[in-house]
Amino acid sequence: MRNITAMTTGATLKHRQRARTRKRVFLLLLPIMLFGILFVYYPFIRTIINSFSLVNAKGSIKGFAGIDNYAYTFSRRDFLPALRHTLTIAAINVPVTIIITLFLAFLANKKRKMSPVYEFLFTLPMAVSMSAACMIFKSMFSPSVGFINYFFGLDLGWYESKETALTAIIILTIWMGIGFNFLLILSALRAIPDQIIEATKVDGISPLRRIFKVQIPLISPTI
């Protein structure tokens, strides 16, 4: 009888502990959930609704448009060039950003005294809004006062010329994506158990082979 009582008490305690853990996890996730709903999902749903509506300059819905907005967009002469440029940016941005952030993450993986400093520098793009970054890059690539032309001895109007505007935009989008991707990949690298890394060292696996045969495959879900 005592054993049954003890088992029941133990099961009850475990159940309460699991319930407390679930509540704690929920409370920890609540801020980012609210942030995501407010700034990601609500604008997305609102945009979908607006795309089927007549909307004035103030953003107020004045009527139902059906697919007229889409028909107008697809019939514009500049739609296909815009789509082509968007796909070009994505095709270059994604692999280049991953390669750069992988390099930075492996560089910062081992904790040193100066780790907080360069980790902050690598994640700094996350703290800069898109509008502020656009203003900074417009100044940097300015044909008259920008230091990019001065440093490389060029005379280009990067954002003013159709030959170079796409390149300048790609550079901007890559820089904007480095911070968040670096944070994710660095976290995944540091989550690899130390025993696995030690085992590769004992087996005499070279650092380069360890990166491509062990570490990158282990963090591939994050990538």
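Here a biologist asks a modeller how some labels on this predicted model were reached.

Modeller: Ground rules: in this predicted model local features need pLDDT of at least 70 and side-chain atom pairs pLDDT 80 or more, while totals for chains, interfaces and linings use all residues. Residues are numbered from 1 along each chain as its sequence is written, and side-chain values use heavy atoms, with hydrogens and water left out.

Biologist: Why is Tyr70 called partly exposed?

Modeller: Buried means under 20% relative accessible area, exposed over 50%, and partly exposed in between (1.4 Å probe, protein chains only). Tyr70 comes out at 30%, so partly exposed is the label. Tyr70 sits in helix α2 (residues 68–75); helices are DSSP runs of H or I, at least four residues, numbered from the N terminus.

Biologist: What does Tyr70 contact, leaving aside neighbours within four places in sequence?

Modeller: Ser51 and Phe52, where contact means heavy atoms within 4.5 Å. The C-alpha atoms of Tyr70 and Ser51 are 7.6 Å apart, with the two positions 19 residues apart along the chain.

Biologist: What makes Asp78 and Arg76 a salt bridge?

Modeller: The term asks for a side-chain nitrogen of Lys or Arg within 4 Å of a carboxyl oxygen of Asp or Glu. For Asp78 and Arg76 the closest N and O atoms are 2.8 Å apart, and the pair is a salt bridge. A search of the whole structure finds one. Asp78, at 39%, is partly exposed, and Arg76 is too, at 37%.

Biologist: How do you know that Arg210 has no salt bridge?

Modeller: Lys and Arg count as positive, Asp and Glu as negative, with His and the chain ends not counted. The nearest side chain of opposite charge to Arg210 is Glu198, 8.5 Å away, and Arg210 is buried. Set against the cut-off, that distance is why no bridge is assigned. Arg210 lies in helix α9 (residues 207–218) and touches residues including Ile197 and Gln215.

Biologist: What makes the lining of the largest pocket seven nonpolar, two polar and eight charged?

Modeller: Ala, Val, Leu, Ile, Met, Phe, Trp, Tyr, Cys and Pro count as nonpolar, Asp, Glu, Lys and Arg as charged, and the others, Gly among them, as polar. The lining has 17 residues, and Ile197 and Gln215 are among those nearest the pocket's centre. A pocket is an open set of points on a 1 Å grid over the protein atoms alone, where a 1.4 Å probe fits, with protein on both sides within 12 Å along at least five of seven lines; lining residues have an atom within 4 Å of a point.

Notes. Helices (H or I, at least four residues) and strands (E, at least two) are DSSP runs, numbered from the N terminus.
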